[in-house]
Amino acid sequence: MKKTAIILILALLAPVCGIAQKLTYESALQSFGYKNDDGSWKIAPRYQRAGEFEGGVRRWAPVKFDGQWGCIDIDGNMVCRNLFPTKEVAQAAGHEWEIMSEPGKWVYPARNASDGRWGYVDYYGRWKYQPVYEKANPHQGRDPKSYASVLKDGRWGCIDGRGVMVCNNIFLSAEQAEDAGAQWAVGRNYYTWRVAVTNPKTGLWGFVDYLGRWAVQPLYTDYRPFGSDNNYPYTQVKQEGRWANIDRNGAIISTPIFFTAEDAAYALQQFEHGRTLEGWRLPVTNPASGKWGWVDWSGEWRIKPIYEDATHFANDTGLFATAKLDGYWMAISDTGDDLSRNCFVLSIDAWHAGNEWDTGQELGHWLWPVQEPSTGAWGYVDYKGMYVIQPTLEEAMPFSYVWNNRVAPAKMDGKWGCVDHTGQFVVHNQYNTSAEAQIAGRRWAEGRKF
């Protein structure tokens with residue numbers, strides 16, 4: 001009895017085992033089909049692309065027909081309708097058919113040939129979610145928190161395993177939407193995760209949470225992300241040509257006054273390091289007037305914008321800087337007080353004047369040549385910009401050498417000589433050039449005895 005049963009089983013299996021269904025390309029038809037062991041066609045060549053048969057008892061093969069993929073059984077019957085965009089998706093459906101999964105438990109993106117719209121089908125190729133999308137991608141994750149990115153009305157969102165839009169279609173790319181979907185799937189970072197998108201109507205930038213809802217209203221012409229993982233508390237945004245700092249809910253940390261995103265980020269560092277408003281200054285222009293002043297990290301004016309040019313305070317926390325007013329440079333304090341008169345032609349001269357004040361030097365310790373605008377004559381001023389040597393010279397050069405024997409080339413009556421810090425010509429004005437006077441002044445300085 002047992003022997004008879006074994007013979008019967010082998011007899012039933014013999015036809016199956018005797019058919020190889022070998023994938024074959026028919027060049028005359030430029031199509032794929034499948035042949036028996038004897039070389040005859042088992043499944044006629046009609047497919048644009050095809051794969052080998054897979055599976056065990058319920059064998060199947062992926063095939064491409066009319067531009068889309070499906071799956072056939074060993075008799076050539078289409079068991080998974082050719083609606084799938086790729087071979088890989090069709091293979092996933094074929095595997096579900098092979099193990100006889102519950103239809104619709106897992107769905108696959110498919111394109112409706114009649115209108116080009118995308119939807120989702122079960123492994124038989126029957127529409128589970130109607131084709132209403134411009135593009136659709138495979139589901140990721142596991143039920144009940146699986147998600148798939150879909151393109152609708154020109155923007156990407158995510159649907160869950162039931163076809164419900166769980167991340168609004170506001171995202172600019174499938175990658176953005178899938179990142180949002182991943183956040184939704186794990187159910188965290190709702191209050192911190194932010195990604196930048198534009199308002200479809202205005203084109204202005206704002207930030208949304210992973211559900212695709214506005215967390216920061218779209219008011220900005222440019223932006224920087226909330227860190228590489230979209231979870232940093234602060235970022236920079238651009239409005240009306242200037243940069244500001246905001247937090248993840250859109251609250252203003254620094255007003256839009258900074259020239260660059262880097263300047264705004266630099267200001268943010270002061271806030272994050274807990275520095276006081278009074279301890280930091282950055283030179284910027286007033287957008288309305290174009291005049292220069294200094295702001296703190298919040299973007300508020302600490303020194304009013306009345307200057308034609310301005311420089312940084314040392315490390316932006318120093319006690320003096322230089323500013324240009326009415327065409328001349330001056331030194332000012334960190335509270336905006338004038339440390340010197342605006343009389344210097346060069347910013348560096350004004351800086352040296354400020355440094356004299358900052359280091360507590362004796363007034364008149366060092367003198368700078370300046371030209372009196374009203375007469376064109378030259379004299380020398382101390383760090384406050386007050387004349388120590390009256391403007392009676394035709395030309396004047398900076399002082400050289402050390403305190404007690406310093407001299408400066410100066411021109412009077414068409415000839416060059418050298419004056420000391422009292423304005424007296426210690427080297428008679430008899431030379432044609434300042435260089436000649438400089439050499440003579442050095443000899444005088446080196447030979448002077450104290």
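**Salt bridges**

This predicted model holds six salt bridges. Three of them are visited here, beginning with Arg162 and Asp160.

Select Arg162 and Asp160 and display their side chains. The two residues form a salt bridge in which the closest N and O atoms are 3.0 Å apart. Colouring by accessibility separates the partners: Arg162 is exposed, at a relative accessible area of 62%, whereas Asp160 is buried, at 3%.

Proceed to Asp296 and Arg302. A salt bridge joins this pair as well, with 2.7 Å between the closest N and O atoms. Asp296 is buried, its relative accessible area being 0%, while Arg302 is partly exposed at 32%.

Next, select Glu395 and Lys411, whose side chains meet in a salt bridge with an N to O distance of 3.7 Å. Glu395 belongs to strand β31 (residues 395-396) and Lys411 to strand β32 (residues 408-412), so the pair ties together parts that are 16 residues apart in sequence. Glu395 is partly exposed, with a relative accessible area of 35%.

**Cysteines and the nonpolar cores**

Turn now to the cysteines. How many disulfides does the structure contain? The count comes to zero disulfides. Select Cys167 to examine one case: the nearest cysteine sulfur belongs to Cys158 and lies 4.6 Å away, and Cys167 is in no disulfide. The cut-off for a disulfide is 2.5 Å between the sulfur atoms. Cys167 counts as buried because its relative accessibility is 0%. Cys343, which may be selected for reference, is likewise buried, with a relative accessible area of 5%.

Keep Cys167 displayed and add Phe171 and Trp184. These three residues touch the most other members of the largest nonpolar core, which comprises 18 residues. To see the secondary structure that contributes to this core, select β12 (147-152), β13 (155-160), β14 (165-171), α3 (174-186) and β15 (195-198); each supplies at least two of the core residues. Another core, of 15 residues, lies apart from it. Its members include Cys71, Val79, Trp97 and Tyr123, which serve as convenient selections for locating it.

**Asp338 and its surroundings**

Select Asp338, which is found in the loop between β27 (328-333) and α5. Is Asp338 buried or exposed? Asp338 counts as exposed, because its relative accessibility is 52% and the threshold for that class is over 50%.

Then display the contacts of Asp338. Leaving aside residues up to four places away in sequence, Asp338 touches Tyr307, Met330, Ala331 and Ile332. Thr322 offers a further point of reference: Asp338 and Thr322 are 16 residues apart in sequence, and their C-alpha atoms are 9.7 Å apart in space.

**A nonpolar surface patch**

For the last stop, switch to a surface representation and select Val345, Leu346, Ile348 and Trp351. Together these residues form a nonpolar patch on the surface, with about 370 Å² of accessible area. Where in the chain is Ile348 placed? Ile348 lies in helix α5, which spans residues 347-358. Ile348 is partly exposed, with a relative accessible area of 45%.

Key:
Residues are numbered from 1 along each chain as its sequence is written. This is a predicted model: local features need pLDDT of at least 70, side-chain atom pairs count only at pLDDT 80 or more; totals for chains, interfaces and linings use all residues. Side-chain values use heavy atoms; hydrogens and water are left out. Buried means under 20% relative accessible area, exposed over 50%, partly exposed in between (1.4 Å probe, protein chains only). A nonpolar core is a set of buried Ala, Val, Leu, Ile, Met, Phe, Trp, Tyr and Cys residues joined through side-chain atoms within 4.5 Å. Helices (H or I, at least four residues) and strands (E, at least two) are DSSP runs, numbered from the N terminus. Patches are made of residues with over 30% relative accessible area and no salt bridge: like charges are joined within 9 Å, nonpolar side chains (Val, Leu, Ile, Met, Phe, Trp, Tyr) within 5 Å. Accessible areas come from the Shrake-Rupley method with a 1.4 Å probe; for residues, only the protein chains shown count as cover. A salt bridge is a side-chain nitrogen of Lys or Arg within 4 Å of a carboxyl oxygen of Asp or Glu. Contact means heavy atoms within 4.5 Å.
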